[in-house]
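Reader: I would like to learn how to read a model of this kind, feature by feature. Could we take the general idea in each case and then turn to the example at hand?

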Amino acid sequence: MGMQNRILVLAELQDGAIQGVTLEMLGKARELANGRQATVDVVVLGANVTEQARGLGAYGADTVWVAESPALADYDAQAYAIALMQVIGRVEPTLFLCAATSQGRDLSGLVAARLGVGVAADINQIKDLGHAWEVVRPIFGGNVLSTLQSTPERCLIATVSLRAFEKAAADAGRACAVEAVAVDAITTRTAIKAFAAEVASGRLNLGDAEVVVAGGRGVGSAEKFAIIDDLGRALGAAVGASRAVTDAGWRPTNEQIGQTGVTVKPKLYVAAGISGAVQHWVGMKDAGYVVAINTDPEAPIMKTADLALVGDLFKVIPELIREIEAARGASV
Amino acid sequence: MRVVISLKVVPDYEQVRMAQGATVLDVAQVPRVVYTFDELALEMALRIKDKNAGTELIVVSMSPDAAKVREVVKKALAMGADRAVIVEDAAFGDADSWAQAQVLKAVVEKLGEVSLLSYGIPGIQGEAFPLGVEVGHLLNWPVVSYASEMAVTGDTVAVVRHIEGGKQSVDVPMPAVVTIGKFQADPRLPTFKGIMGAKNKPLEVWSLADLAVTPDALGHSVRQTAVAPPSARGAGRKIEGDAVDVAKEAIASLRGRQFV
């Protein structure tokens, strides 16, 4: 495959809607493209996506490639890869960005395999060196930041960490070209049977939440976990739990925050009754501000929290809620 | 049914630390462990073997030095795997996933009649690139990733993928590659009987020459130019005392940051 001075972004969709991370990648792609007179191409795959795709022009896309078909309504690795490779063949990008999500990781991997290159995963910085790209990504669970440089003659494929980059600002006057991608020949060997959505009614989505409150083993029982819900309500937070809690069956597994659960990146994270074992830490270490409540001042999480409140959560949390409500009352 | 599980042995990331200001990372002395998600894939495969009589489970591991992974594959044999293959070559020291994918493809082809290849989703362990779906492409097999449940019926694998937003149920015909994500289970412990039995199970060491994969094929498309520790997230402020006072101080702090 040749290489053109073009940056390609794979739009991330969930439930047919373009996700915020797409605008984050677009913002960075536009910035890089401006620096080297390159163009920004975006590929959108799905069933009813043309209007949304067109809207990406306002966020910096020069050309949007739309692969639209009922066959692409549900994410399927093989089917999406066929459509995507058509675009890759036409665009021949020097840089290909996907979101660091299950879809993004799959598709970047499938493209990488076809191009015979590796993938730089979970990048949170990217720089144009002129002759090559330079990216930074965390390795060893975030304990090391590794800088990579691409090979000059080869496309760099990277998956981008959520919220690593700023979203592109909208410029309503900006238009883009829309190219349709042929989808007739797309077949797949996998059969999608069902999708069970997990956003519980009335609950904020943990992965996107700006404020998260989580409870751990220290809460003691399923019934007592209500106090964590109370604090969550007071702070307008999504509520999560440590693995000990979900293993005990006090909360459903989709609320587990940690290495084998959800990764959260909120501005504020409040952990009550959680010791902070590494497997949990990995799921929330990128939180902006961490508050921990624990009777044990030596618990791992208490040593790295920005604010470590030593005390019994059953005494501290009601007081926190009282203070929050007083503060709200005062500012009304 | 022949099932192959690939086990990566990686430095234990929990013990990898760089001091502030350090520019060199030496993981040679860091204890090695089996990559968590590969271990979950092994447990998932053992459960499939439990439910499907006649399943042959083969574990594969790649390393620059067979001795480094021998204990790992022996433990897998003790847990219930039937056969182990170690592929040994110095090039595995810093091969990227493209290279590992090519080797795994060659192993599957040499073993022959493999119905299912499985390992963990790409991870955080410090491999130069994540080994994910690439092998499926090389084998021209369908790939299903982020499996949290898996069941085999006839020639089909029913997979539940735990992904953003919920759980997707997918059926895929074998042979297939399935990568394991949030499988919330604890890998079984080897029994005494298992450990004794493992001594008699085949454990082979292959070279790249045995696989007809040439060292030239193990290229690199990016190179690491620097390593650094993340900026220190040191201890913050501790507040203790009466719950009322603790709460007052905490909320005052959060108000200052506009969280309340």
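Reader: Let me begin with a single residue: is Q258(B) buried or exposed?

Author: This is a predicted model, and everything that follows should be read with that in mind. Burial is judged by counting neighbours, and a residue is called exposed if 12 or fewer other C-beta atoms lie within 10 Å of its own. Q258(B) is exposed, because it has 8 other C-beta atoms within 10 Å. The residue is found in the segment that follows α7 (243-256) of chain B, and its phi is positive, at about 65 degrees, although it is not a glycine.

Reader: Which residue of chain A has a positive phi of about 50 degrees although it is not a glycine?

Author: That residue is E92(A), which lies in the loop between α3 and β6 of chain A. With 15 other C-beta atoms within 10 Å, E92(A) counts as partly exposed.

Reader: Staying with the backbone, where is there a cis peptide bond, and what is its omega?

Author: The bond that leads from M174(B) to P175(B) is cis, with omega near 5 degrees. P175(B) itself sits in the loop between β9 (166-173) and β10 (176-180) of chain B.

Reader: Now for sheets: in what order do the strands of the open sheet in chain A come?

Author: A sheet is best read from one side to the other, strand by strand, rather than along the sequence. Here 7 strands form an open sheet in the order β7-β11-β6-β1-β4-β5-β12 of chain A, and their pairing is parallel. The edges are β7 (120-123) and β12 (177-180) of chain A, each of which pairs on one side only. On average, and with direction ignored, neighbouring strands of this sheet are turned by 25 degrees against each other. For one pair in detail, take β6 (residues 95-99) and β11 (residues 156-160) of chain A, which are joined in the parallel sense over 5 bridges; within this pair, F96(A) has I157(A) as its bridge partner in β11(A).

Reader: Which strands does helix α3 of chain A lie across?

Author: Helix α3 (residues 77-91) of chain A lies across β1 (6-10), β4 (39-46) and β5 (63-68) of chain A, and it runs at about 160 degrees to β4(A).

Reader: Which residues have the most contacts inside the largest nonpolar core?

Author: The general idea is that in soluble globular proteins nonpolar side chains tend to be buried together. In this model the largest nonpolar core has 140 residues, and V9(A), L26(A) and L84(A) are those with the most contacts inside it. The largest share of this core, 10 residues, comes from α3(A). If residues up to four places away in sequence are not counted, L84(A) touches L10(A), V43(A), L45(A), L107(A) and V111(A). There is also a second, separate core of 56 residues, which includes A237(A), A241(A), V264(A) and L309(A).

Reader: Turning to chain B, how many of the residues of strand β6 are buried?

Author: Strand β6 (residues 114-120) of chain B is mostly covered, with 6 of its 7 residues buried. Its pairings include one with β1 (residues 2-6) of chain B, in the parallel sense and over 4 bridges, where V3(B) has L116(B) as its bridge partner in β6(B). Another 5 bridges join β6(B) to β10(B), and these two strands also run parallel; there, L117(B) has V177(B) as its bridge partner. Across chain B, buried residues make up 47% of the 260 residues, and its secondary structure comes to 7 helices and 13 strands.

Reader: How many residues does the contact between the chains take from each of them?

Author: The contact takes 71 residues from chain B and 71 residues from chain A. On the side of chain B that touches chain A, the largest share, 9 residues, comes from α7(B). By class, this side of chain B has 38 nonpolar, 17 polar and 16 charged residues.

Reader: In what sense do strand β13 of chain A and β9(B) pair?

Author: Strand β13 (residues 191-197) of chain A and β9(B) pair in the antiparallel sense over 6 bridges, and I192(A) stands opposite V170(B) in β9(B).

Methods. Residues are numbered from 1 along each chain as its sequence is written. Chains are lettered from A and ligands numbered from 1 in the order in which they are written. This is a predicted model: local features need pLDDT of at least 70, side-chain atom pairs count only at pLDDT 80 or more; totals for chains, interfaces and linings use all residues. Two strands pair if DSSP finds at least two bridges between them. Axes are lines fitted to C-alpha atoms, for helices over the stretch in contact, and angles run from 0 to 180 degrees between N-to-C directions. Two residues are in contact if their C-beta atoms, placed from the backbone, lie within 7 Å. A nonpolar core is a set of buried Ala, Val, Leu, Ile, Met, Phe, Trp, Tyr and Cys residues joined through C-beta atoms within 7 Å. A residue is buried if 20 or more other C-beta atoms lie within 10 Å of its own, exposed if 12 or fewer, and partly exposed in between; C-beta atoms are placed from the backbone. Ala, Val, Leu, Ile, Met, Phe, Trp, Tyr, Cys and Pro count as nonpolar, Asp, Glu, Lys and Arg as charged, and the others, Gly among them, as polar.
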